[in-house]
Amino acid sequence: MGTDNHVVCGHFLTASLSQSQVDFPGDPYSVSVLKVGYCLPQTDGTFTADGTITLITGPRTVLVDTGGPWDRDFLLMALKQRGLDPGDINVVVGTHGHSDHIGNLSLFPTAVIIVGYDISEGDTYRPNKLAEGHAYPIDEYVSVVPSPGHTGQDVSVQVKGTSAGTVLVAGDLFECCSDEDSWRDLSMNTAVQEANRQKALSTADVIIPGHGLPFRVLRS
Ligand SMILES: [Zn+2]
Ligand SMILES: [Zn+2]
């Protein structure tokens with residue numbers, strides 16, 4: 001089941017889930033990873049990377065990160081397999097502005113678009129308090145929470161009440177389950193990011209990272 005892979009993350013023990021454990025059903029909200037992100041160094045000094053794409057379904061339909069522009073056809077197909085057209089997505093959240101996370105925003109012109117701390121509907125931008133550290137609730141179960149550090153304006157999406165407990169779709173707050181040797185190199189502010197990582201670990205039961213498989217936070 002993959003849960004024998006325990007990793008100490010700060011004060012917390014985490015366990016990576018397997019490729020078959022990417023769906024977290026719940027009532028009223030379910031969370032499904034449509035594509036597991038990756039980041040792979042190549043021998044020529046480049047690296048290949050794509051951001052995790054996650055779908056939250058329930059009273060509202062929320063897509064968290066869209067992958068890169070090359071994911072366009074994959075994303076349309078993955079939604080179609082679930083009986084969804086792009087117009088059915090109510091809210092699209094880009095956890096931050098990197099190209100492998102927000103490459104397909106243009107598929108969703110009618111959705112509420114949240115990228116970092118910007119919240120817009122069409123060309124209308126809504127004032128909000130994400131920059132001041134306040135969550136932006138979508139409803140009583142789903143909220144967008146500020147989680148900067150990787151960039152200056154990262155957000156995560158918290159979903160309460162799934163069968164796995166509270167799920168946090170974290171973007172690049174976490175690269176993957178065992179990222180202790182890599183996340184700082186990609187961080188704009190390691191102190192801020194470390195504080196937000198610890199906050200995430202203390203509140204979430206499952207974390208969906210930006211470039212790896214979901215992992216469980218183990219508590220005794
Ligand atoms: Zn990323
Ligand atoms: Zn990033």
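Helices (H or I, at least four residues) and strands (E, at least two) are DSSP runs, numbered from the N terminus. The structure treated here is a predicted model, in which local features need pLDDT of at least 70, side-chain atom pairs count only at pLDDT 80 or more, and totals for chains, interfaces and linings use all residues. Residues are numbered from 1 along each chain as its sequence is written, and side-chain values use heavy atoms, with hydrogens and water left out.

**Exercise 1. Locate Pro 28 and describe the peptide bond that joins Asp 27 and Pro 28.**

Step 1. Pro 28 belongs to the loop between β3 (23–24) and β4 (30–35).

Step 2. The bond joining Asp 27 and Pro 28 is a cis peptide bond, with omega at about 10 degrees.

**Exercise 2. Describe the overall build of the protein chain, and state how its radius of gyration agrees with that of a compact globule.**

Step 1. The protein chain contains two helices and 18 strands.

Step 2. The radius of gyration is taken over C-alpha atoms, and the globule rule is 2.2 Å times the number of residues to the power 0.38. For 220 residues a compact globule would have a value near 17 Å; the protein chain has 16 Å, which agrees.

Step 3. The C-alpha trace spans about 45 × 40 × 40 Å along its principal axes.

Step 4. Buried means under 20% relative accessible area, exposed over 50%, and partly exposed in between (1.4 Å probe, protein chains only). By this criterion, 52% of the 220 residues count as buried.

Step 5. A contact means heavy atoms within 4.5 Å. Among contacts between residues at least 6 apart in sequence, 55% join residues at least 24 apart.

**Exercise 3. Characterise the surroundings of His 6.**

Step 1. His 6 lies in strand β1 (residues 6–9).

Step 2. Its relative accessibility is 44%, so His 6 counts as partly exposed.

Step 3. Residues up to four places away in sequence being left out, His 6 touches Leu 13, Thr 14, Ala 15 and Leu 218.

**Exercise 4. Identify the lining of the largest cavity, and place Asp 65 within the chain.**

Step 1. On a 1 Å grid over the protein atoms alone, a cavity is a set of points where a 1.4 Å probe fits but cannot get out, and a pocket is an open set with protein on both sides within 12 Å along at least five of seven lines; lining residues have an atom within 4 Å of a point. Grid points are joined across faces, edges and corners, and a volume is the space filled by probe spheres set on the points.

Step 2. The search of the whole structure finds one cavity of 30 Å³ or more. Its lining consists of Thr 52, Thr 54, Val 64, Asp 65, Val 169, Gly 171, Ile 208, Pro 209 and Gly 210. Two or more residues of this lining come from each of β16 (165–171) and β17 (206–209).

Step 3. Asp 65 is found in the loop between β8 (62–64) and α1 (72–81). Asp 65 is buried, with a relative accessible area of 2%, and has a positive phi of about 65 degrees although it is not a glycine.

**Exercise 5. Which element gives the most to the lining of the largest pocket?**

Step 1. The largest pocket has a volume of about 190 Å³.

Step 2. At least two lining residues are supplied by each of β14 (142–146), β15 (155–162) and α2 (190–203).

Step 3. The element that gives the most is α2, with four residues.

How values were computed. Chains lettered and ligands numbered in written order.
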